[in-house]
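Here are some notes on this structure, set out as numbered points for use at the bench. Please read them alongside the sequence and the model.

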Amino acid sequence: MMPFGERLQSVVDAHGRLCLGLDPHASLLEQWGLADDAQGARSLAMTAIDAAHGRVGIVKPQAAFFERFGAAGYAVLEEVIRTARDAGFLVIADVKRGDIGSTAAAYGEAWLAPGSPLESDAMTAVAYQGLGSLDPVIDLAHQHGKGVFVLTATSNPEGRGVQQSVSGSGRSVAGQLARDVAVRNASARGWGSIGVVIGATEPITASGIDPVLLQHTPVLGPGFGYQGSRLGDLASVYGVAAGSVIPTVTRSVLSAGPDGLAAALDAHRAELAA
Ligand SMILES: O=c1ccn([C@@H]2O[C@H](COP(=O)(O)O)[C@@H](O)[C@H]2O)c(=O)[nH]1
């Protein structure tokens, strides 16, 4: 099985690095004229996947917007993930899971184990219980050619108090976490399979992250579009790590409505290319 980092690189080479978020917000369902239920969420996500064909190679369903509908929402999420993967998209399940190791392992089995109903190509994870608590997930990911993106410096301003605080190492929490993740990718030829999530809403150096360390570490970058950052600002936000960033856009595309999705995606791709 090819490692996730290499699979990610080949998808980026073929389709570019923009990632489309699949977030059926209640407000978007209303705007699209869809019911605020599991079938409405299904319709929005499937329409977005159709429009994404040939435009992006990576999609990121946000589980929370499906979980709102309980079992019916989960059934739809399973179908959305399967449909996207069968169509050749790389699917990053934005689930932000984390716990003591034995429980984290079960999260890994849910989202990354081959044959699991929710099998995705990568998942997002939270290291608040220590990066080591995610080791069972990381081991599982390596075993099956999957990826894990660890929240490091998030796009929401409320995160900064914790993430920018300086730990005993003399480094910020975010800076230390980025360093610890980067160490796990050190032997990769290109990108490793363990990524970080670093929001685009302020320069990453403000969080004490050394961009030089991220050469082999894929960076999932939310915060573009709706949250205010511009794809054209990629280099000023991420510095020398800009080449490792997978920028994600969601509401700034989905708010264009079903008929405007393709044009919105093309406009975002053009901004990124420029
Ligand atoms: O720091 C983070 C981590 C994750 N997200 C997620 O990304 C999308 C952003 O959606 P937009 O509509 O493009 O703002 C959403 O699913 C968040 O949960 C984030 O925004 N920031």
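1. Of the 17 residues around the ligand, those that come nearest are Gln62, Thr154, Pro222, Thr250 and Arg251, a residue being near if its C-beta atom, placed from the backbone, lies within 6 Å of the molecule. By class, this shell holds four nonpolar, 10 polar and three charged residues, where Ala, Val, Leu, Ile, Met, Phe, Trp, Tyr, Cys and Pro count as nonpolar, Asp, Glu, Lys and Arg as charged, and the others, Gly among them, as polar.

2. This is a predicted model, in which local features need pLDDT of at least 70 and side-chain atom pairs count only at pLDDT 80 or more, while totals for chains, interfaces and linings use all residues. Residues are numbered from 1 along each chain as its sequence is written.

3. In helix H7 (residues 135–144; helices are DSSP runs of H or I, at least four residues, and strands runs of E, at least two, numbered from the N terminus), Val137, Ile138 and Ala141 are buried, that is, 20 or more other C-beta atoms, placed from the backbone, lie within 10 Å of their own. Seen down the axis of H7, these buried residues fall within an arc of 100° (taken from the directions from the helix axis to the C-beta atoms), so they line one face of the helix.

4. After H7 comes glycine 145, whose phi is positive, near 70°.

5. According to UniProt, in an unreviewed entry, the feature "domain: Orotidine 5'-phosphate decarboxylase" lies at residues 17–265; such annotations may be inferred rather than shown by experiment. Over residues 17–265 the chain is 38% helix and 16% strand, with the end C-alpha atoms 12 Å apart.

Conventions. Buried ≥ 20, exposed ≤ 12 C-beta atoms within 10 Å, placed from the backbone.
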